[in-house]
Protein chains: 2
Amino acid sequence: MTTTPTLPEMCAALGDQTRWDILTRLGQETMSASALARVLPVSRQAIVKHLDVLSEAGLVTAERRGREIVYAALGSRLNALAHELDRIGNAWDTRLRALKSLAEATDDGRR
Amino acid sequence: MTTTPTLPEMCAALGDQTRWDILTRLGQETMSASALARVLPVSRQAIVKHLDVLSEAGLVTAERRGREIVYAALGSRLNALAHELDRIGNAWDTRLRALKSLAEATDDGRR
DNA sequence: TTGAAGTGCAACACTGTGGTTGCAGTTCAA
DNA sequence: TTGAACTGCAACCACAGTGTTGCACTTCAA
């Protein structure tokens, strides 16, 4: 992950059930891909690909520990995303409220 | 949209650049699919499909107005999603902090 | 030092999704 | 009442994503 992930990229990473399954596990304890493959109903290779996506999105960290690679979920990144989405949601509502009151004012003028 | 959209569903809806382009426009002013197709570099049919996805995810509302259907972005839904993600992010960090301090305590014991 | 347990890489299949075009149907307004 | 501007539906294409399997390579521990 050289470049910072974009908003759509992060959302896309979170837009898959299997990846949520993985994240849910990693939010409870750090695990390797093989360990995840043991508890989830998909192959290790599928897990690895998902972990790549999550890592690219900055949602997990990978740490080599001897022969295994241990992954952990990054709550702070999710919090940052949440903050962004909240900001945008507020902006939408503000703009649309302004439009609505403008429309009502126009209505009044026509009456 | 009969059932409430799941978290992965909402995230998947937000995981596409074109849909963000649409949402950005709809966050500024309400527009019809045809109007969106005029300002975005994709066909009306593509827009319609995206609007279906966004509507299914509860991120936009549709209101028939005579011969057209006018869409609006729902900031409140985005805020709700943001709140959910924030909650989950906090839970991850809490659990992993607990694990880490436990590991350090074990380390101390071994020294 | 050998076997078990990891990771890494490649090839492949299947499906979903994002996109297109074309045409039919509806609705408004001149 | 006719044409312009919408929506609605269907067929189709191309590609990316999700998943699989198989095999080679590394690393730890008995």
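1. Start with B:Arg38 and DNA strand D. In this predicted model, a polar atom in the side chain of B:Arg38 sits 2.8 Å from a phosphate oxygen of DNA strand D. Now look across to DNA strand C: there, a polar side-chain atom of A:Arg38 is 2.5 Å from a phosphate oxygen. So much for the backbone; next come the bases.

2. Two side chains to zoom in on at the bases of DNA strand D are A:Lys49 and B:Arg44. A polar side-chain atom of A:Lys49 comes to 2.4 Å from a base oxygen of this strand. For B:Arg44, the distance from a polar side-chain atom to a base oxygen of DNA strand D is 2.7 Å.

3. Take a wider view of DNA strand D. It has 21 residues around it, and the closest are A:Ser43, A:Lys49, A:His50, B:Ser34 and B:Gln45. If you look at the strand's own atoms within 4 Å of the protein, 61% are sugar or phosphate atoms, and the rest belong to bases.

4. Which parts of the fold make up the surface near DNA strand D? From chain A, helix 2 (17-28) and helix 4 (44-56) each give at least two residues, and from chain B so do helix 3 (33-39), helix 4 (44-56) and strand 3 (68-73). Helix 4 of chain A has the largest share, with four residues. Sorted by type, this surface has nine charged, eight polar and four nonpolar residues.

5. Over at DNA strand C, 21 residues surround the strand, and A:Ser34, A:Arg38, B:Ser43, B:Lys49 and B:His50 come nearest. Of the atoms of DNA strand C within 4 Å of the protein, 58% are from sugar and phosphate. Two contacts here are worth a look. An N or O atom in the side chain of A:Arg67 is 3.4 Å from a base nitrogen of DNA strand C, while a polar side-chain atom of B:Arg19 is 3.2 Å from a phosphate oxygen of that strand.

6. The surface near DNA strand C draws two or more residues from each of these elements: helix 3 (33-39), helix 4 and strand 3 (68-73) of chain A, plus helix 2 (17-28) and helix 4 of chain B. Here the largest share, four residues, comes from helix 4 of chain B. The residue types are four nonpolar, eight polar and nine charged.

7. Have a look at B:His50 too, which is part of helix 4 of chain B. Is B:His50 buried or exposed? It counts as buried, because its relative accessibility is 14%, and the cut-off for buried is under 20%. Leaving out residues up to four places away in sequence, B:His50 touches B:Asp16, B:Thr18, B:Arg19 and B:Ile22.

8. How are the two chains related? Rotate chain A by 180 degrees, with 0.0 Å of shift along the axis, and it superposes on chain B with an RMSD of 0.0 Å. The copies are therefore related as by a two-fold rotation axis. In chain A, the C-alpha of A:Ala82 is the nearest to that axis, at 2.1 Å. Both copies use the same surface, since 100% of the contact residues of chain A recur in chain B.

9. Finally, the inside. Nonpolar side chains tend to be buried together in soluble globular proteins. In this model, the largest nonpolar core has 56 residues, and A:Leu26 and B:Leu26 have the most contacts inside it. Beyond its neighbours within four places in sequence, A:Leu26 is in contact with several residues, among them A:Met31, A:Leu36, A:Leu51, A:Val60 and A:Tyr71 from chain A, and B:Leu96 from chain B.

Technical notes:
Residues numbered from 1 in each chain as written. Chains lettered and ligands numbered in written order. Predicted model: local features only at pLDDT ≥ 70, side-chain atom pairs only at ≥ 80, totals over all residues. Heavy atoms only, no water. Near = heavy atom within 4 Å. Polar contact = N/O pair within 3.5 Å; in protein donor to acceptor, adjacent residues only side chain to side chain. Nonpolar A, V, L, I, M, F, W, Y, C, P; charged D, E, K, R; others polar. Core = buried A, V, L, I, M, F, W, Y, C linked by side-chain atoms within 4.5 Å. Buried < 20%, exposed > 50% of the residue type's maximum accessible area, 1.4 Å probe, protein only. Contact = heavy atoms within 4.5 Å. Least-squares fit on C-alpha atoms with pLDDT ≥ 70 in both.
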